[in-house]
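Morning, everyone. Please look at the structure on the screen while I talk.

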Amino acid sequence: MKWEGNRESDNVEDRRDGGGGGGGGFSFGGGSIGIGTIAIALIGSYFLGVSPMTIINAISGGGAVPVQQSQAPAQRPPPSDRQAKFVSTVLADTEDVWTTLFKAQNAQYIKPKLVLFTGATATACGTGSTASGPFYCPGDQKVYIDLAFYRLMQERFHVSSEFAQAYVIAHEVGHHVQHLLGIDEQVAAARQRGSERQANAMSVKLELQADCFAGVWAFHANQARSILEQGDVDGALAAATAIGDDTLQRQSQGQVVPDSFTHGTSAQRVRWFSKGLESGQLKQCDTFGGQAL
């Protein structure tokens, strides 16, 4: 992936030097979620790349009230940190693409923050941890990532391409786009009205749309700045394949339970990312339109 020398975003917070904020719990309107549920959420989110709060909400059917925690002032990553420079550049690229696309629709793109942390950090969605994997919190409009996740991608999923790493960020920014468009709120309301099975199905559609939005970003970024090199797309598709619900369930429990899917199968994740990448059109990302996923 060609990225060096491109613009870096100013919207990166580096909390890796002890400014993350620590423990605490999650309280839900009149009650609390037990440690067992939190453990399930952390294990699931570790391999699915979504906030534990999303999984807890799916399990409980409730809305989380985050525990207030102190937070040290944010700082910029050091210029010598190549990996931080990479994510800053990818974030800047998503900013440029989505600002242009929103402007074409006479709308304003509000840029999200990207937070680098190690171990744990306070968020408006509760305490984020390394076990969460990268996730987006709509409460503060920030993407959170422990860069150790990229090592996990290489060691567990055997995916090491930089474009695959960029896809991870672009997917989470895709959730931010959904938030700006009000899609996530509509999905949350629909999930509250439905059964657990229906809630999981809505989550799948939300995640597949974020995959498609990541593909839309890649299409326009490549057109504008020729970022793609040979093998890059294959690397991103390998990442999408590795984190499909069916693949992860087969690896972890030896069987597949479709009704419990929250992100989509490997084939679905590849298909929707490819749709965005090949078309560059938001209208191609309507996972809620009733067509087969």
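I'll take the sheet, then the helices on it, then the disulfides. Keep in mind that this is a predicted model.

Start with the sheet. It is open and has 4 strands. The order is β1-β5-β9-β8, and the pairing is mixed. At the edges sit β1, residues 12–14, and β8, residues 135–137. Each of those two pairs on one side only. From one strand to the next, the twist averages 25°.

Now walk across, beginning at β1. β1 pairs with β5 in the parallel sense, over 3 bridges. To find the register, look at E13: its bridge partner in β5 is V115.

Next step, β5 to β9. These two also run parallel, joined by 4 bridges. Here L114 stands opposite V143 in β9.

Last step, β9 to β8. Which way do these two run, parallel or antiparallel? Antiparallel, with 3 bridges between β8 and β9, and β9 covers residues 142–145. C137 stands opposite K142 in β9. Hold on to C137; we will come back to that cysteine.

A general reminder on pairing. Strands of a sheet pair through backbone hydrogen bonds, in either the parallel or the antiparallel sense.

On to the helices. Helix α3, residues 82–104, packs on the sheet and touches β1 and β5. The direction of α3 makes about 165° with that of β5. Helix α5, residues 162–181, packs on the sheet too. α5 touches β5, β8 and β9, and its direction makes about 25° with that of β8.

Now the disulfides. How many does a search of the whole structure find? It finds 2. Counting bonded cysteines along the chain, the pattern is 1-2, 3-4.

Back to C137. C137 is joined to C125, S to S 2.1 Å. The torsion about that S-S bond is about 95°, so the disulfide is right-handed. C125 lies in the loop between β6 and β7, and C137 in strand β8, so the link ties together parts 12 residues apart in sequence. Both C125 and C137 are buried.

The other link is C212 with C285, sulfur atoms again 2.1 Å apart. This one is left-handed, with -75° about the S-S bond. C212 lies in helix α7, residues 196–225, and C285 in the segment after α10, so this pair ties together parts 73 residues apart in sequence. C212 is buried, and C285 is buried as well.

That's the tour. Over to you for questions.

Notes. Residues numbered from 1 in each chain as written. Predicted model: local features only at pLDDT ≥ 70, side-chain atom pairs only at ≥ 80, totals over all residues. Heavy atoms only, no water. Pairing = 2+ DSSP bridges. Axes fitted to C-alpha atoms, helices over the stretch in contact; angles between N-to-C directions. Contact = heavy atoms within 4.5 Å. Disulfide = S-S within 2.5 Å. Buried < 20%, exposed > 50% of the residue type's maximum accessible area, 1.4 Å probe, protein only.
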